[in-house]
Amino acid sequence: VYTVQRTSSASIQLRLRDFGTLRLGGMSESDAQKVVETIEALSSIPDPELHYPFYYHPRFESGDGWKMFTIESELERMGCPPNKWRISRANAGYALCKTYPASVIIPKSDDDAAALGKVARFRQGGRFPVLSYYHATKETAILRSGEPLSDHRSREDENHLKSALIPGKRGFIVDTRHHAIAQQRRNSAGGVEIEAHYPHWRRVHCPIADASKQARSLEKLSEGCADPTSGTSTWLSRIESSNWL
């Protein structure tokens, strides 16, 4: 997205995809118009193979970008205690979930591959609960998963989640759907964990807006932060009106 500002000389302001801002100034209006036309032409190339990802060749010291990250190093980086968490390769070849990697981190006590398969079949898209973040100091974790497919009980799923908790503590199941949508799924016999079957967990709703609304909100936020002409009151008003988070 660009804007042409006309003062004593023309200038161009570019808002980049990484939310940075680039300003080009000190040119005549005709030169600025030529730059704008060139940018428009280069940003609408019809052939996908001429786009940036196809000709960009990153340089990795290892020579192989796939080896820049390993699940083993991530397990160590987060400080996951080996007696509590382990690496599972049950999803090798996308056997359980097509949207998970081959190796994931799960509670160590859940070492039954057959039981893990039942947990995957209980969850939408096969997305069984896996570790996303671990706080070593507080020994707390954030897991991600798909919603239950039905209201039928899955003891394997219950045990899988319970094993992620600190003994004697309760956890939160954060539902990012709107409450009405979650209730609708529950009325249709699925979509939520039944409280009676998950007594160690408390359900909370923290709805996330759809992608288009989030994009518009983030765009307004970046515009407000990048505008150097806004005073304090105007800046605060623009940030508030963005509805970000």
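Student: How far apart, N to O, are the side chains of R89 and E72 where they meet in a salt bridge?
Tutor: This is a predicted model, so to speak a computed picture: local features need pLDDT (the predictor's confidence in each residue, from 0 to 100) of at least 70, side-chain atom pairs count only at pLDDT 80 or more, and totals for chains, interfaces and linings use all residues. Residues are numbered from 1 along each chain as its sequence is written, and side-chain values use heavy atoms, leaving out hydrogens and water. A salt bridge needs a side-chain nitrogen of Lys or Arg within 4 Å of a carboxyl oxygen of Asp or Glu. For R89 and E72, the N to O distance is 2.4 Å.

Student: How many residues apart in sequence are the parts that R89 and E72 tie together?
Tutor: Helices (H or I, at least four residues) and strands (E, at least two) are DSSP runs, numbered from the N terminus. E72 belongs to helix 3 (residues 71-77) and R89 to the loop between strand 4 and strand 5, so the parts they tie together are separated in sequence by 17 residues.

Student: Are R89 and E72 buried, exposed or partly exposed?
Tutor: Buried means under 20% relative accessible area, exposed over 50%, and partly exposed in between (1.4 Å probe, protein chains only). R89 comes out at 48% and E72 at 36%. That makes R89 partly exposed, and E72 likewise counts as partly exposed.

Student: Which residue in strand 9 pairs with D175?
Tutor: D175 already meets R177 in a salt bridge at 2.7 Å, N to O, and R177 and D175 are both buried. D175 sits in strand 8 (residues 171-175) and its other partner in strand 9 (residues 201-205), so that pair ties together parts 28 residues apart in sequence. In that second salt bridge, also between buried residues, the closest N and O atoms are 3.0 Å apart. The partner is R203.

Student: Which residues are linked with D175 in a network of salt bridges?
Tutor: The structure holds 10 salt bridges. Linked with D175 in a network are R123, E147, D157, R177, E193 and R203.

Student: Which residue offers its backbone oxygen to the side chain of H160?
Tutor: H160 is in helix 5 (residues 155-162), and its relative accessibility is 0%, so H160 counts as buried. Its side chain reaches a backbone oxygen at 2.7 Å, where a polar contact is a pair of N or O atoms within 3.5 Å; within protein, one must be able to donate a hydrogen and the other to accept it, and neighbours in sequence count only through two side-chain atoms. That oxygen belongs to P129.

Student: What do the buried residues of helix 4 pack against?
Tutor: Helix 4 (residues 113-122) has the buried residues A115, L116, G117, V119, A120 and F122. Contact here means heavy atoms within 4.5 Å. Those residues pack against strand 4 (85-88), strand 5 (104-107) and helix 5.

Student: What is phi of N243, roughly?
Tutor: Most residues other than glycine have a negative phi. N243 goes the other way, in the segment after helix 8 (232-241), and is exposed at 61% relative accessible area. Its phi is positive, near 60°.

Student: Where is confidence lowest in the protein chain?
Tutor: The chain averages a pLDDT of 85, with 93% of the residues scoring at least 70. Confidence is highest in strand 6 (residues 130-135), at a mean of 96. Where pLDDT is low, the predicted coordinates should not be read in detail. Confidence is lowest, at a mean of 54, in strand 1 (residues 2-6).
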